[in-house]
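Notebook open, coffee ready. Today I'm looking up how some strands pair up and what lines a pocket.

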Amino acid sequence: VTVKYESTADGLKMTWNGQTYDAKFDGKQYPTKNDPGNTMVSLKRISAKTIEETDSRDGKVTDIIRMAVSADGKSMSVEDADQIQKTKTNYTMTKQP
């Protein structure tokens, strides 16, 4: 699976599987385009290398995702806390050249 994240001046752009969002670190909700579930995304910067993403559908929080970039910038650890299923998934993403 390839996910593309791109930093912007005050937020983050994401592209995955035809879906995209362009959200700011302001806590407001932004739509995920081309998402059949109509997911809304809210971003918060926790630190210089950590971002928290809150996903919601129909006004209900579905996932809280914490992404932390490694010190060398070559990987990102992700924790996805699924609020509906009450599960947590942890994985590491590797930066592509």
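I started with the turn between E8 and E9, keeping in mind that this is a predicted model. These two strands form a hairpin with 4 residues between them. I checked the backbone there and found that Lys 86, in the turn, has a positive phi of about 60°.

Next I looked at the pairing itself. E8 and E9 (residues 87-94) are antiparallel and share 8 bridges. I picked out one pair to follow by eye: Ala 81 has Lys 88 in E9 as its bridge partner.

Then I moved to the other neighbour of E8. Strand E7 (residues 60-69) runs antiparallel to E8 (residues 75-82), and 7 bridges join them. Here I traced Asp 63, whose bridge partner in E8 is Asp 82. E7 and E8 also make a hairpin, with 5 residues between the strands. Which residue takes a positive phi in that hairpin? I found Gly 73, with a phi near 75°.

Last stop: the largest pocket. I noted a volume of about 1300 Å³ for it. Its lining has 42 residues, and Val 3, Tyr 5, Met 14, Met 67 and Met 93 are the ones that lie nearest the centre. I also wanted to know where the lining comes from. Among the elements that give two or more residues to it are E7, E8 and E9, the strands I had just been tracing, along with E1 (4-8) and E2 (11-16).

What classes of residue make up the lining of this pocket? I wrote down 18 nonpolar, 12 polar and 12 charged residues.

Methods. Residues are numbered from 1 along each chain as its sequence is written. This is a predicted model: local features need pLDDT of at least 70, side-chain atom pairs count only at pLDDT 80 or more; totals for chains, interfaces and linings use all residues. Side-chain values use heavy atoms; hydrogens and water are left out. Two strands pair if DSSP finds at least two bridges between them. On a 1 Å grid over the protein atoms alone, a cavity is a set of points where a 1.4 Å probe fits but cannot get out, and a pocket is an open set with protein on both sides within 12 Å along at least five of seven lines; lining residues have an atom within 4 Å of a point. Grid points are joined across faces, edges and corners, and a volume is the space filled by probe spheres set on the points. Ala, Val, Leu, Ile, Met, Phe, Trp, Tyr, Cys and Pro count as nonpolar, Asp, Glu, Lys and Arg as charged, and the others, Gly among them, as polar.
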